[in-house]
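Work through the exercises below with the sequence and the coordinates at hand. Each task is followed by a solution in steps.

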Amino acid sequence: MSGDPTAGVDIGGTKIRAAVVAPGGAVLASATAPTPSGGEAMLDVAADLVARAVASAGVLVAAVGVGAAGVVDPGTGEVLAASDSFTGWVGTNLRDGIVRRTGLRVVAANDVDSFLVGEATWGAVRGVRSAAGIALGTGVGGALWLDGALYRGAGAAGEIGHMPGFGDARCTCGQRGHLETLASGRSVARRYAELGDGADVGAAEIEDRARAGDPTAVRVLADAGHAVGSAVLMLAALLDVGHVVVGGGLARAWDLLEPALLARLREEPPVSGHPIEVRRAVLGGDATVVGAAALAR
């Protein structure tokens, strides 16, 4: 199988993308569609996109890797938990559902796990023995690459977005004070409205306002970077991980996040004395699909 292309699928809250990926990581063909409501409908779209990408690439694929939003059981491929933006997703069996629809061997994982595998195999932390991945999107996801392999635990290893100790705001999961309440695109927009003039604007607009000198926009993005820095310090203390890769939509504001993040690392460096290197992801929108394809390989 090492010489055969594999397919990768990225199932997100707004869109689903499938790609055929060569053994060296090149995307040979891809197809994208909006995410429908309901687990079975999402699997229908995913399988159709795989077929379209395979037909476009004009090759046979050996297996399919699926990176999906939510907590995914590494043994069964079942979605164990998901955010409130998904309907009918919890309880869906990704592996069995895609196998039935494609007849191919399928490996299922969380989307951020797949993102980190992509970055560790062909991206920003390629060749690094151990690293953590943080995805700053609508929510905050995390993953662990330890001793040259993805570490999944029972399915939620590395879920740094739901680490407590970050204030008292209510998280999308229903609990309070999680990292996601400060460092996600959704939380940045919420905090900007609360601290500013109540304007209902998205994270991308807030980034533009911050670069134009809006002090409230600068503050909420700096607070997000500071919070991520605190989370990185916790990872380093627990796992002695010296490399972290940060991606996701909010990472577009890296110039606004990084100064506060690095300042936080300087405030309380790890007692081990080992430096922590934080890198921005380089694969962009391809990270999850190529990582899922790598897992299938």
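**Exercise 1. Determine how E8 is connected to E9 and which strands pair with E8.**

Step 1. Strands E8 and E9 make a hairpin, with 3 residues between them. Helices and strands here are DSSP runs numbered from the N terminus (helices: H or I, at least four residues; strands: E, at least two). This is a predicted model, in which local features need pLDDT of at least 70 and side-chain atom pairs count only at pLDDT 80 or more, while totals for chains, interfaces and linings use all residues. Residues are numbered from 1 along each chain as its sequence is written, and side-chain values use heavy atoms, with hydrogens and water left out.

Step 2. E9 covers residues 140–146 and pairs with E8 in the antiparallel sense over 6 bridges; two strands pair if DSSP finds at least two bridges between them. Ile134 has Gly142 as its bridge partner in E9.

Step 3. With E11 (residues 243–247), E8 pairs in the parallel sense over 4 bridges. Opposite Gly133 stands Val245 of E11.

Step 4. For burial, take the relative accessible area with a 1.4 Å probe and protein chains only: under 20% is buried, over 50% exposed, and in between partly exposed. In E8 (residues 131–136), 6 of the 6 residues are buried. Ala131, Gly133 and Ala135 point one way, Ala132, Ile134 and Leu136 the other way, and all are buried.

**Exercise 2. Describe the open sheet of 5 strands and the helices that pack on it.**

Step 1. The strand order is E3-E2-E1-E4-E7, and the pairing is mixed. E3 (27–34) and E7 (105–110) are at the edges with a single partner strand each, so one side of each has no neighbour in the sheet. From one strand to the next, the twist averages 15°.

Step 2. E4 (residues 63–68) and E7 run parallel and are joined by 6 bridges. Ala68 has Asn110 of E7 as its bridge partner.

Step 3. Helix H2 (residues 94–102) packs on the sheet, touching E4 and E7, and its direction makes about 145° with that of E7. Axes are lines fitted to C-alpha atoms, for helices over the stretch in contact, and angles run from 0 to 180 degrees between N-to-C directions. Contact means heavy atoms within 4.5 Å.

Step 4. Helix H3 (residues 111–122) also packs on the sheet and touches E1 (6–11), E2 (15–21), E4 and E7; the angle between the directions of H3 and E7 is about 100°.

**Exercise 3. Is Asp113 buried or exposed, and which residues is Asp113 in contact with?**

Step 1. Asp113 belongs to helix H3. Its relative accessible area is 2%, so Asp113 is buried.

Step 2. Leaving aside neighbours within four places in sequence, the contacts of Asp113 are Gly142, Ala143, Leu150, Arg152 and Ala157.

**Exercise 4. Classify the aromatic pair in the structure.**

Step 1. A pair of aromatic rings is described by the distance of the centres and the angle of the planes. Rings of Phe, Tyr and Trp (its six-membered ring) pair if their centres lie within 6.5 Å; planes under 30 degrees apart are stacked, over 60 edge-to-face, and the rest tilted.

Step 2. The structure has 1 aromatic pair. The ring centres of Phe86 and Trp89 are 6.3 Å apart and the planes are at 25°, so the pair is stacked.

Step 3. Phe86 counts as buried at 15% relative accessibility, and Trp89 counts as buried at 1%.

**Exercise 5. Which residues of H6 are buried, and what covers them?**

Step 1. The buried residues in H6 (residues 203–211) are Ala203, Ile206, Glu207 and Ala210. They cover an arc of only 105° around the axis, so they lie on the same side of H6; the arc is that of the directions from the helix axis to the C-beta atoms.

Step 2. Their cover includes H5 (185–195), H7 (215–239) and H8 (254–267).

Step 3. Just after H6, Gly213 has a positive phi of about 100°.

**Exercise 6. Where do Asp147 and Asp240 lie?**

Step 1. Asp147 is in the loop between E9 and E10 (149–151). Its phi is near 50°, positive in a residue other than glycine. At 57% relative accessibility, Asp147 is exposed.

Step 2. Asp240 is in the loop between H7 and E11. Its phi is positive, about 55°, although Asp240 is not a glycine. At 43% relative accessibility, Asp240 is partly exposed.
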